[in-house]
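Subject: Structure handover

Hello,

Here is the structure I promised to pass on. My notes follow below it.

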Amino acid sequence: MSGISSPPIARVDVVRDVHHGVTIDDPYRWMEADGEEFHHWLDGQAEHARERLDALPGREELLGRIRELGGALAQCSSFTPVGDSVLSLVREPDARVAVLTVREPGGTTRVLFDPDTLPGASHHAIDWFVPSPDGRLIACAVSPSGSEESTIQVIDAGTGAVLEAIPPTTRFAFLSWLEDGRSFVYHRFMPAPAGAPPEERRLDSRSFLHRLGTDPARDTVVLARGLNPHVELTPQDRPFLVVPPHGEWMLAVVSHSALGPWTDEQLSDCSLYVAPRAGLSDPATCPWRKVADVADGVTAFAIGPDTLYLVSQRDAPRSRVLAVPFAAPDRVRVVVPAGERVVEAVRVVGDRLLVRDLDGGVHRVRHAPLSGGEPADLPLPMEGAVWEWTVHPERPEALLLIAGWTDAPRLYRYDGEALEDTGLAPRSPVDFGDVQARVLHVPARDGTPIPLTVIHRKDLELNGGNPALLTGYGSHGVPDLPWFRPEMLAWYERGGVFAMAHLRGGGAYGREWHEAGRGPRKETTITDFIDCAEHLVALGYTRPGRLAGEGVSAGGIPTGGALVRRPELWAAMVLQVPAVNATRIEFSENGPINVPEYGSVATEEGLRGLLIADAYLRVRDGVPYPAVLLTTGRRDPRVPPWQPAKLTARLQAATSSGLPVLLRVEEHGGHGFGATREQEHALLADVLAFVSHACER
């Protein structure tokens, strides 16, 4: 590595805070101002990291193999039936980003919209799309550089022409077309006042009614704080409106905390209201009626002709399904009782109810008549996960995209009785026949068995000499599901082990599992990760000098926590777009909505949880830390670049090991969503080459 420049040294300017009698010294608070000095320092870090990563032995060979594996198959997702056609996003092997396509009844596939044709210095990606009820128009959300700052493009499904656009203020797919096919309701953030601090820039968001051909600036507000006395909203709440294509009712979903990309599942901390659709004519007096509050623990819903189906954790830690008649919401009945499996989500398909369960890290599906009866298991073609399931708007059928750790995604049609392979998802030519996935149960230090999925070649010897990469998330009740990634064969071919720790704080076993690693109980998430690492060593999969950790986003909490608590356990640690300075999260744009998950410095209990999760504040001078790779994107809307940047600066100043601490900066990227194929391949090559080199020392 001789001849490579040193990383720039960050200026130290300590800011001292005192919260509830606890003193916190922050040497790099100035980075949060996001000024010229910070970006100059970030440029220097990016250049240094690029030099070090490009010089890693075997990096180019790895990148070549990853490109070969990743380019062997078109990537298809977001399958949406409309009439006799199917819409989907398709990224061909030679394409940078996915395009919106339609597969016609005769089997012909046609490109409707290519976001890469939009002008700009960087790439654009489709975040989501929603077709009108008649399928003639499509509302398509597009954002540049992975920013998730979406512009809604209204596309003619016949010609592919863009008819109009709504400015980039939307982030969520809560868009519902009305039955006229010429108007829709959608959610967007309002422009922040000049000089507003980051934590106030996403307050008082609203849902609007837009009619095609009118100025979006004049759209009618249909849900907002202070608009209707029946809907209770705080400035931080996001009010979403769901108007089904048929029926006389509509649903308001008020999100009080962080929310993923889903509109009807994996919800948390939400209140739900119902009202007649006619109430849209006068939003201020619409007779909204609350049917569920935060205490009801609603995590998913489905809408039938006259009934709302709720997946609720109230009095059922692993959830049950409730039927709530729109016309009489007090007459709630249990249609799927709680059991050993975690009920994740439901769909109404004709006169049947599909129920998706999480069972020890894999999905199961049950179906039952809406009229009542015990749900029966629907046999699935593989042990894996249902990554998509979309109901046909006019017919009693649904499409299910299913994949496993070693099984490529396949698209199946459900007709009310069984599953049939549609053939619409191309078969992968990448052979995983020599790779196996198995689930271990690691005894945590408190005796709780923690599921740990381990993937490697079938002929792997448990001699302690294998390079291993352990990953985990453990927040927001999100489960870690099987997903087929052909590029990872490049790791397995080299004798690498990949392990997924299903940590408490995640969703492996429902609400109790989530609550066991939430807020002031976050230490459990971190120790679960450490215990899983030590178990891999004890079983002979690897040893500390050959073991690396990896965490993405909130996965920076267990990995960052393990790094500063047990630095001697790791050869390397990789933290991608990580949340690592927990005591300052709430002061970022995306911070206020994460307070229910992590806590706030405003309360003693909240501060206690944040101090547990804050890896940055636990770095100590003179400690021999392992090799560390951190990543960030300049346009990240979820975890701002100063989060990984502050930890980078602190580790570079503190470590005594002489091992590299690198900050990889994606100039035209965000939190990972909307990345180009080459960006994904280059990142994986950097991670695997960095880990491999660290494990060979």
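**Helix packing**

H2 and H10 are oblique to each other, because their angle falls in none of the other classes (under 35 degrees is roughly parallel, over 145 roughly antiparallel, 65 to 115 roughly perpendicular, the rest oblique). Before the details, note that this is a predicted model: local features need pLDDT of at least 70, side-chain atom pairs count only at pLDDT 80 or more, and totals for chains, interfaces and linings use all residues. Residues are numbered from 1 along each chain as its sequence is written, and side-chain values use heavy atoms, with hydrogens and water left out.

Helix H2 spans residues 59-70 and helix H10 residues 677-695. Element names follow DSSP runs numbered from the N terminus (helices are H or I with at least four residues, strands are E with at least two). The H2 and H10 axes are 9 Å apart, at an angle of about 135 degrees. Axes here are lines fitted to C-alpha atoms, for helices over the stretch in contact, and angles run from 0 to 180 degrees between N-to-C directions. The crossing of H2 past H10 is right-handed (the near helix is turned clockwise from the far one by less than a right angle; anticlockwise would be left-handed).

On the H2 side, the contact (heavy atoms within 4.5 Å) uses Arg 59, Leu 62, Leu 63, Ile 66, Arg 67 and Gly 70. H10 supplies Arg 677, Glu 678, His 681, Ala 682, Leu 684, Ala 685, Asp 686, Leu 688 and Ala 689. By type, the residues of this H2 and H10 contact are eight nonpolar, two polar and five charged. The classes are: Ala, Val, Leu, Ile, Met, Phe, Trp, Tyr, Cys and Pro nonpolar; Asp, Glu, Lys and Arg charged; the others, Gly among them, polar.

Next, helix H1 (residues 36-54) and helix H9 (residues 642-654). Their axes come within 12 Å and cross at roughly 65 degrees. H1 is therefore roughly perpendicular to H9. H1 passes H9 in a left-handed crossing. Phe 38, Trp 41, Leu 42 and Gln 45 of H1 meet Trp 642, Ala 645, Thr 648, Ala 649 and Gln 652 of H9. That contact has six nonpolar residues, three polar and no charged.

H5 and H6 have axes 8 Å apart and an angle of about 70 degrees. That makes H5 roughly perpendicular to H6. Residues in the contact include Phe 529 and Ile 530 of H5, and Ala 562 and Arg 565 of H6. The split is six nonpolar, three polar and three charged.

**Cores and helix H8**

The largest nonpolar core has 68 residues. Such a core is a set of buried Ala, Val, Leu, Ile, Met, Phe, Trp, Tyr and Cys residues joined through side-chain atoms within 4.5 Å. Buried means under 20% relative accessible area, exposed over 50%, and partly exposed in between (1.4 Å probe, protein chains only). Met 31, Trp 41, Leu 452, Leu 470 and Trp 570 have the most contacts inside the largest core. A second, separate core of 38 residues includes Leu 63, Phe 432, Val 574 and Ala 685.

In helix H8 (residues 604-613), the buried residues include Leu 607, Leu 610 and Ile 612. The buried residues of H8 pack against strands E1 (15-19) and E2 (22-26), and helices H5 (522-538), H6 and H7 (595-598).

**Loops**

Glu 487 sits in the loop between strand E33 (468-472) and helix H3 (489-492). Glu 487 is buried, at 4% relative accessibility. Glu 487 and Gly 70 lie 417 residues apart in sequence, yet 5.4 Å apart in space, C-alpha to C-alpha. Beyond four places in sequence, Glu 487 touches Ile 66, Leu 69, Gly 70, Gln 75, His 681 and Leu 684.

Pro 93 is in the loop between strands E4 (85-91) and E5 (99-103). Pro 93 counts as partly exposed, at 33% relative accessibility.

Two backbone angles deserve a look. Most residues other than glycine have a negative phi. Glu 148 has a positive phi, near 65 degrees. Glu 148 is in the loop between strands E8 (137-144) and E9 (150-156), and is buried at 7%. His 476 also has a positive phi, about 60 degrees, and lies in the loop between E33 and H3.

Best wishes
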